[in-house]
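Subject: Structure handed over, with notes on what was found

Dear colleague,

Please find below the structure I said I would pass on to you. My notes come after it, and I would be glad if you read them with the coordinates open.

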Amino acid sequence: MSPGTRPRGNSEPHDPPRRPHPAPSLRFGYGTNGLADLRLDDALTLLSDLGYDGVGLTLDHMHLDPLAPDLAARTHRLAGRLEALGLDVTVETGARYVLDPRRKHGPSLLDPDPDERARRVGLLIRAVQVAAELGAHAVHCFSGLTPVGTDTGTAWKRLAEALTPVLDAAATADVPLAVEPEPGHLLATLADFHRLRRILGDPENLGLTLDIGHCQCLEPLSPADCVRAAAPWLRHVQIEDMRRGVHEHLPLGDGEIDFPPVLAALAATGYQGLTVVELPRHSHAGPHFAEHSLPFLHRAAETAVALSDPAPPHGDPSATPEGSTTA
């Protein structure tokens, strides 16, 4: 029996037909940045045993260190392990101190020092190479904070120039680069993503990481409407709960997001990548939250199917809006 497959009971002929698996296009993963206290193989085994479809792999010193020796050999072994466990993968690059032990997320693509920006570019190119070896469906990244004393125009110019070689590497590897709007960063919103896309000339392999919590936090649209608006560029999805105006990743159900409409909108887009639970500040209880997040998402997906079912229940009158007419 494959990971996550549950035994099916025998149905008698008079049993009602069973509804298909909820929102079958949705595939759920869990981020290793929320399992930072586990060895990577232990984290992957846990996710497979729990029934996850995949993993959001953050390249970090404890999980496939991108700067340690023999990266190619270690990546090759990991590819075999993921295949054995039946887990798909996306590669994430949001490790806090992987490049600099004293600067969170530093250096960034916006660093005033071109040599420092080049270090971040090199990490992203290395992430693309890892993703190609693993068969990942995308590489995630973000812009970084605008440095103090840097004007907005200069910051956007640096971002576009820094991402150009990364996009070239992604095109060669045939792996989409999925930029995440991050609250407080230069590229913070969906509108900012479109600004970058226009500056770069709308390259085919530039895509979007949509964090559902960030939509709740600061986008003018609802999270479900954000999904619909982002659909053509959607390459990776992160999910957690959040409250309006507060950038704090919360366990599912602890914030303000109404998840069934979000999942219904996501399923309707035809998105085929992973939807990855993003709880980096909950690693102290990572296995607990991994265990409870997947049933929550499955229940929400079941409700999403009911929300998106166009047919009225048997025996109910037609759902034609009052005052409308049919030809």
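The notes below take the aromatic pairs to begin with and then turn to the strands.

Please keep in mind throughout that this is a predicted model. A search of the whole structure for aromatic pairs returns 2 of them. In one, the ring centres of Tyr30 and Tyr52 are 5.9 Å apart and the planes meet at 70°, and since planes over 60 degrees apart count as edge-to-face, the pair falls in that class. Tyr30 belongs to strand 1 (residues 27-31), whereas Tyr52 sits in the loop between helix 1 (40-50) and strand 2 (54-58), so the contact ties together parts that are 22 residues apart in sequence. Tyr30 is buried, with a relative accessible area of 0%, and Tyr52 is likewise buried, at 2%.

The other pair is formed by Phe259 and Phe296, which are also edge-to-face, with 5.4 Å from centre to centre and 90° between the planes. Phe259 lies in helix 8 (residues 259-269) and Phe296 in helix 9 (residues 286-308), so this pair links parts that are 37 residues apart in sequence. Both phenylalanines, Phe259 and Phe296, are buried.

Turning to the strands, strand 1 and strand 2 run parallel and are joined by 3 bridges, with Tyr30, already met above, standing opposite Val55 in strand 2. Between these two strands the chain passes through helix 1, and the resulting β-α-β crossover is right-handed. On its other pairing, strand 2 meets strand 3 (residues 88-92) in the parallel sense over 5 bridges, and Thr58 stands opposite Glu92 there. The chain goes from strand 2 through helix 2 (residues 71-85) to strand 3, again in a right-handed β-α-β crossover.

Strand 2 itself is mostly covered, with 5 of its 5 residues buried. Gly54, Gly56 and Thr58 point one way from strand 2, while Val55 and Leu57 point the other way. In a regular strand, side chains alternate between the two faces of the sheet.

Further along the chain, strand 7 (residues 234-239) is mostly covered as well, since 5 of its 6 residues are buried. Strand 7 pairs in the parallel sense with strand 6 (residues 206-211) over 4 bridges, where Leu210 has Val237 as its bridge partner. Strand 7 also pairs in the parallel sense with strand 10 (residues 274-277), over 3 bridges, and there Gln238 stands opposite Val276.

With kind regards

Notes
Residues numbered from 1 in each chain as written. Predicted model: local features only at pLDDT ≥ 70, side-chain atom pairs only at ≥ 80, totals over all residues. Heavy atoms only, no water. Phe/Tyr/Trp six-rings, centres within 6.5 Å; stacked < 30°, edge-to-face > 60°. Buried < 20%, exposed > 50% of the residue type's maximum accessible area, 1.4 Å probe, protein only. Pairing = 2+ DSSP bridges. Right-handed = clockwise from strand over helix to strand, strands pointing away.
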